[in-house]
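Hi,

Here is the structure I said I would pass on. Have a look at it first, then read my notes underneath.

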Amino acid sequence: MEDFLKKMEEKLHHFEKLVEKDKEELKKVDEELATLKEELAKLEEEILKVSEEIKEHEHRTHEILNKLKRIQQATLKAKTQREIEMLERDRARLLKELHQHDQVIKELKERYEELTNKEMKLLDQEMELEEKKAKLIHEKELHLRRLEHLMAQFQKRIDQFRHNYTA
């Protein structure tokens, strides 16, 4: 009986350690997930901000193009050299501004692409961590079931011993 008790105690202790180890690993994974989700939230916020800036610059580009069309039509209808020179100055200024907006849009789109690629990598990491967490939870449940089974076996053996001892 003493050997049985000693072996059972060793088994119980072993599975208790496994369950504690599983809990610690789960805690670490949860912390990593929380950090990753926080980083993802910041990244999504930045992506939305860049997207909004792109829209603003594209809107301004369309406004400039419309003004350039009106200037072109006005130039064709201009009657004096002075009117033509004024319209040409406006046209040159608008073309310069258009070029600047195109550059900004190009840079913003590159930034947007970088951010979305980074977001995809983080989402992949998040999926991997979620899978790891699910695996750890499954292992913990298996260890707990094994521990419960050992406890039931232990209790059964104690009851048997009591029954045999009292009889």
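First, a definition you will need throughout: I call it a salt bridge when a side-chain nitrogen of Lys or Arg sits within 4 Å of a carboxyl oxygen of Asp or Glu. Before the findings, two notes on the basis. This is a predicted model, so I ask for pLDDT of at least 70 for local features and 80 or more for side-chain atom pairs, while totals for chains, interfaces and linings use all residues. Residues are numbered from 1 along each chain as its sequence is written, and side-chain values use heavy atoms, with hydrogens and water left out.

Now the overall picture. The protein chain has two helices and zero strands (DSSP runs numbered from the N terminus, H or I of at least four residues for helices, E of at least two for strands). Its C-alpha atoms fill a box of roughly 125 × 20 × 15 Å along the principal axes. The radius of gyration is 36 Å, whereas a compact globule of 167 residues would have one near 15 Å; the radius is taken over C-alpha atoms, and the globule rule is 2.2 Å times the number of residues to the power 0.38.

Contacts (heavy atoms within 4.5 Å) are mostly long-range: among those with a separation of 6 or more, 89% join residues 24 or more positions apart. Of the 167 residues, 23% count as buried. For that label the cut-off is under 20% relative accessible area, with exposed over 50% and partly exposed in between (1.4 Å probe, protein chains only).

On to charges. Counting Lys and Arg as positive and Asp and Glu as negative, with His and the chain ends not counted, there are 37 positive and 42 negative side chains, and the centres of the two sets lie 2 Å apart. Each charge is placed at NZ of Lys, CZ of Arg, CG of Asp or CD of Glu. The salt bridge rule gives eleven pairs.

Which residues does arginine 111 pair with? One is glutamate 46, with the closest N and O atoms 2.2 Å apart. That pair links distant parts of the chain, since glutamate 46 is in helix H1 and arginine 111 is in helix H2 (residues 81-166), 65 residues apart. The other is glutamate 114, at 3.7 Å from N to O; here both residues lie in helix H2, three residues apart, about one turn of the helix. Glutamate 46 counts as partly exposed because its relative accessibility is 30%. Arginine 111 is partly exposed too, at 33%, and so is glutamate 114, at 49%.

Elsewhere, glutamate 38 bridges to lysine 42, with closest N and O atoms 3.8 Å apart. Both lie in helix H1 (residues 2-77), four residues apart, and both are exposed. There is also a salt-bridge network that links Arg60, Glu63, Arg93 and Glu97.

One residue you may want to look at is glutamate 119, in helix H2. It is buried yet has no salt bridge, and the nearest side chain of opposite charge, lysine 118, is 11 Å away. Leaving out residues up to four places away in sequence, glutamate 119 touches Leu40, Leu43, Glu44 and Ile47.

Last, histidine 57 lies in helix H1. With the neighbours up to four places away left out again, histidine 57 touches His101, Val104, Ile105 and Leu108. Its C-alpha is 8.0 Å from that of aspartate 102, 45 residues away in sequence.

Cheers
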